[in-house]
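Reader: I have not looked at this one before. Can we go through it piece by piece?

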Amino acid sequence: MATAKTSVKTYCITKTTPGKKANDLLDKLGCKVLSGNTLKEFATVLNELKEIGILYIGNTPQRAELLDIALRYINDCSLIVIDDIHSDDTTKRWWQTVVDNPKTIITYDLYSYGLLYFNKERIKQHYTLKK
């Protein structure tokens, strides 16, 4: 039987330092804020954590690179949420490569968001929610 993890580490990785109010809120939530070189900070955090539970990738020009790094740290229980997968034609083509990637087992196109699951015991499937 699976057991839930009792401690969760939460990070906010951002190119610029959040304002005082945002920083105070993130601090109250137990979220460690890292700012600067997003890709470097992201790789450092994942190297420390060793695996991904839930990851949200926002609409950033670096989303493909962030996902490439993240895929090194997934497990059967990982969930990755990608924002704004239909923002432009380039992003739509990139999303299709994500769906076709052999590491992504179950994918959901919720139009505004894409969900990625990685449980290797499942059959590869893609679901699309109509707009």
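**A threonine and its surroundings**

Author: Let's start with one contact: the side chains of Thr107 and His126 make a polar contact at 2.6 Å. Keep in mind that this is a predicted model.

Reader: Where is Thr107 found?

Author: Thr107 is in strand S5, which covers residues 106-109.

Reader: Buried or exposed?

Author: Thr107 is buried, because its relative accessible area is 1% and the cut-off for buried is under 20%.

Reader: And what does Thr107 touch, leaving out residues up to four places away in sequence?

Author: Thr107 touches Trp95, Val99, Leu115, Leu116, Gln125, His126 and Tyr127. Two of these, Trp95 and Val99, are also among the buried residues of helix H4.

Reader: Which other residues of H4 are buried?

Author: Thr91, Trp94 and Val98 are also on that list. The buried residues cover an arc of only 145° around the axis, so they sit on the same side of H4.

Reader: Why would spacing in sequence matter for that?

Author: An α-helix has 3.6 residues a turn, so residues three or four places apart point the same way.

Reader: What do the buried residues of H4 pack against?

Author: They pack against helix H3 (63-70) and strands S4 (79-83), S5, S6 (113-117) and S7 (125-128). On the other side of H4, Asp89, Thr90 and Arg93 are exposed.

Reader: What caps the N-terminal end of H4?

Author: Asp88 does, with a side-chain oxygen 3.1 Å from the backbone nitrogen of Thr90.

Reader: How far apart are the end C-alpha atoms of H4?

Author: They are 17 Å apart. At 1.5 Å a residue, the twelve residues of H4 (89-100) should span 16 Å, so the two values agree.

Reader: Changing topic. Which residue in the loop between S5 and S6 has a positive phi?

Author: Tyr111, with phi near 70°. Tyr111 is partly exposed, at a relative accessible area of 32%.

Reader: And what about the loop between helix H2 and strand S3?

Author: Lys50 lies there, between H2 (38-49) and S3 (54-57). Lys50 is not a glycine, yet has a positive phi of about 75°. Lys50 counts as exposed, because its relative accessibility is 59% and the cut-off for exposed is over 50%.

Reader: Last one, then. How many helices and strands does the protein have?

Author: The protein has four helices and seven strands, in the order β-α-β-α-β-α-β-α-β-β-β along the sequence. Of its 131 residues, 32% count as buried.

Key:
Residues are numbered from 1 along each chain as its sequence is written. This is a predicted model: local features need pLDDT of at least 70, side-chain atom pairs count only at pLDDT 80 or more; totals for chains, interfaces and linings use all residues. Side-chain values use heavy atoms; hydrogens and water are left out. Helices (H or I, at least four residues) and strands (E, at least two) are DSSP runs, numbered from the N terminus. Buried means under 20% relative accessible area, exposed over 50%, partly exposed in between (1.4 Å probe, protein chains only). A polar contact is a pair of N or O atoms within 3.5 Å; within protein, one must be able to donate a hydrogen and the other to accept it, and residues adjacent in sequence count only if both atoms are side-chain atoms. Contact means heavy atoms within 4.5 Å. The expected span of a helix is 1.5 Å times one less than its number of residues. The arc is that of the directions from the helix axis to the C-beta atoms.
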